[in-house]
Amino acid sequence: MILTLLANLRRALGPWALLLLLPSLLTLSACAPDPDAAAQVRVQVEPGELVFHPDTPPIRVTILNEGQRPVPVQGFRISGNDWASFSIVEPLNPRMVMPGRTMSFTIAADAPTFQGTAVSSVVQSEADAAELDPEAYRDGQAVLELNVAGQSRTVPLRFEDPSWIVTTLLPGVLKVLLLVMGFIMPLASLLLWQERKQSAMMQDRVGPNMARITLGGITIRLWGLLHIATDGLKMFFKEDFIPRRAHRALYTLAPVMALMPALVVFAIVPFGDALCYEHLLDVVRQADVDQCAAGRGGTPLQVAHIDIGLLFYFAIASLATWGATLAGWASYNKWAILGALRASAQMVSYEVAIGLTIVGALLVYGTLEPHALVHAQLNTSWGILLQPVAFILFFTAAIAETKRAPFDLPEGESEILGYFVEYSGMRFGLFFLAEFIEVVFVSALVTTLFLGGWALPLDMFGASGFAAPWVAQLFFALAGVAIAATGIAVWRASKHAQFVGATMLGLGVLHICLAIYSAFTGWGTELPHLIVVLVGMLTWGIKVFALCWLQLLIRWTLPRFRYDQLMSLGWKGLLPLSLANIAITAVVVYALSAAGSIPPAPAPGEETASTANQPGAAP
Amino acid sequence: MTITVKKVSLQRTAADQIFLPAILRGLVTTARHFFKNTLTQGMGDVDTIRYGEPDVHVEDYYPERFRGVHRLMHRDDGSVRCVACMCCSTVCPARCIYIHAEDRGGDEEKAPKSFVIDELKCVVCGFCVEACPCDAIRMDTKRHMHPTETRADAVLGKLDLMKRGTASVAKQGGVGADYRSTDPKADPRFDHDPR
């Protein structure tokens, strides 16, 4: 398959195929060793800034020796305005940190000392003292000083008590807007067009290409993308119609009940690690990002932090059943009722399979919270490698749950009446949109559970940038060549695609220039936090989009299941296989943990997710 | 008489039972079509003819023997080649050709005074073209008869039919018995015989 693809690409590229020689030249230049690495003292103190909230448990500070020589660390001192409110929990002696090892200690903040007027450093006069609320916390600051190999290092300490609006509500609203309006809705609308265009490209047809806007003398067609708008307009202008004896309230409620779970369930999807407000242009480390993910000094890139996140998904996804059933029953149409029965029976059957498949992932990673699941994958291995059977079962069951082909018999379309036969116009449009939003959601959930979320494969890209300069060079070189080659192929494909092709070619050349720049200067391992966050979100977006493409490919390749085949696949195929998956996974996990290969899962009170696997961490 | 039952096994392997290898092969096939059609020139394998688009000329897609509206060819002096021999109107199965003959004047051949084809009756069979001995009538205009508002507009007279006609490459009076040795392609006006 790869050979045919390469042959097609070579035929499409023509004389530009020599472009593919570039990465080999670039990787040769990256092989020069760094002569003075041995003598450098490189010590990192994580996190770079400690932020305490009133109910924060003691935070662990880690000193990591990345150099080649042992480094003495001594002289721990807390100074600053509120030095008395912070304390180092374990008494420390000056000691040496071996190369490649870490040393850690915890810092605690005494919250009651910030309450009321207990510490008088901020209270300027008696008048101010009278206005302070005795229950309110004020902000505090201090500095932790250490002496590392003769150099003094400082870690700022900060205590604050931001209101619920600043920590949860405002970031939540902004994340919802970004995720829903910025990603889900555009992607679901794009899928509407992509479904028709991709199916046409797969079936050697042209697809929709006629919707156009004529401005002056210029006609803009955009390969049929305007059909999205025209379809929406068409649905709005259709007659709003309720069957004479239909239950009016339930008939109107059903599309809402189909759309609402599809959107609400996105609350648990993590589309990035975390965003630190104060350090957007600085280079941050993973411990800083974990602190921001806990809500101190930043916000996790996930709309809601629910510890039982996946159970939340099951609960809300079950509501989607109700939308389909209600639609059929409220239509007062016997065939619609039968379609609703088919739909609800199918959805309920496959929910069982989904639930049991996720138990396998739960056993391996030890957590139901999606953000922590992605971190667990980054610490061990992606879900698709550790649980390949669960991936296939889950993907199949999720496609069946959302009633996409080849499991779309309830809606039928070409052969049988479905449950929304009495719906027309925008009421039907809501069902349609809900189905595409569920396609996006299934892709997002599979990315989170099995494909490592927002991370690049093989640990290429961490919280501060690429793992090593050569990784950055190789990545940019290969990505640049791939994008440039596709751009050239698109440019040569048709006269109208030249602009798109030229843009892609420009992006590819930019990537290659970055690779060359990195080859000369070793750039790439220390990137500003904002760039890292954007790369994470972009990676997540690309993975979700690729899975949506895969779902459309599956839809237009496979023939539809007959209803009895569908039910027997769910109950006699997926259910026993997922139970077997759970049993085998449990046995393997128990055997490996008894043998000591897998460390025990972190206790729920642990602050940072990365402490469990570091050598030399204090127990 | 005993009935023998021959059991034929389904010959289904474990891989067949899972269906996944076959599904993957199918997905690879459709993905190959997808990439070929999106990325190669002229949209790969897509053979759709885009009728109605501004730069698509349907005449390019018609086969060479396509039969369209009739046309009457001219002689070198601009007069109509037709000698009113009535072969075409005789052979027409739809009886849609009506010819009145007249004297050509100066030549022993006749000429049609009126040559009317009722395109509404025409079944586009091409017999008239095969029957004509003079290469006077052709149907190679590469156009359909367009819809008209009234029936009368579809009845085409001699001048309408001659409008699309050009000088024929046929030699008046014939070439002679050795006509095969004369290369028909040498004449640049010869535009419809693919041999």
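**Exercise 1.** Decide from its relative accessibility whether C513(A) is buried, partly exposed or exposed in this predicted model.

*Solution.* The relative accessibility of C513(A) is 44%. Buried residues fall under 20% and exposed ones over 50%, so C513(A), at 44%, counts as partly exposed.

**Exercise 2.** Work out which cysteines form a disulfide, and describe the place of that bond in chain A.

*Solution.* Begin with the total, which is one disulfide over all chains. The bond joins C276(A) to C292(A), with an S to S distance of 1.9 Å, and this lies within the 2.5 Å cut-off for a disulfide. Next, consider the geometry: the torsion about the S-S bond of C276(A) and C292(A) is about 115°, and the disulfide is therefore right-handed. Then place the two ends, of which C276(A) belongs to strand 12 (residues 270-276) and C292(A) to helix 7 (residues 286-293), so that the pair ties together parts 16 residues apart in sequence. Finally, both C276(A) and C292(A) are buried.

**Exercise 3.** Explain why C92(B) is not bonded to C96(B), and state whether C92(B) is buried or exposed.

*Solution.* The closest cysteine sulfur to that of C92(B) is in C96(B), at 3.6 Å, which is too far for a bond because the cut-off is 2.5 Å. As for accessibility, C92(B) has a relative value of 10% and counts as buried.

**Exercise 4.** Characterise the surroundings of D231(A).

*Solution.* D231(A) is found in helix 5 (residues 226-237) of chain A, and with a relative accessible area of 15% this residue is buried. Leaving aside residues up to four places away in sequence, D231(A) touches L192(A) and R196(A). With R196(A) there is also a polar contact between the side chains, at 3.4 Å.

**Exercise 5.** Describe the interface of chain B and chain A by its extent, its polar interactions and its composition.

*Solution.* Count the participants first: 26 residues of chain B are in contact with 27 residues of chain A. Together the two chains bury about 2,200 Å², 70% of it on carbon and sulfur atoms. On the side of chain B, the residues that lose the most area to chain A are L27(B), F34(B) and L39(B), which together make up 25% of what that side buries. Turning to charge, one salt bridge is found across the interface; E53(B) forms a salt bridge with R221(A), their closest N and O atoms lying 2.9 Å apart. Sorted by class, the side of chain B that touches chain A has 11 nonpolar, nine polar and six charged residues. The count of residue pairs in polar contact between the two chains, both residues at pLDDT 80 or more, is five.

Key. Residues are numbered from 1 along each chain as its sequence is written. Chains are lettered from A and ligands numbered from 1 in the order in which they are written. Side-chain values use heavy atoms; hydrogens and water are left out. Buried area is the accessible area (1.4 Å probe) that two parts lose on being put together, summed over both. A salt bridge is a side-chain nitrogen of Lys or Arg within 4 Å of a carboxyl oxygen of Asp or Glu. A polar contact is a pair of N or O atoms within 3.5 Å; within protein, one must be able to donate a hydrogen and the other to accept it, and residues adjacent in sequence count only if both atoms are side-chain atoms. Ala, Val, Leu, Ile, Met, Phe, Trp, Tyr, Cys and Pro count as nonpolar, Asp, Glu, Lys and Arg as charged, and the others, Gly among them, as polar. Helices (H or I, at least four residues) and strands (E, at least two) are DSSP runs, numbered from the N terminus. Buried means under 20% relative accessible area, exposed over 50%, partly exposed in between (1.4 Å probe, protein chains only). Contact means heavy atoms within 4.5 Å.
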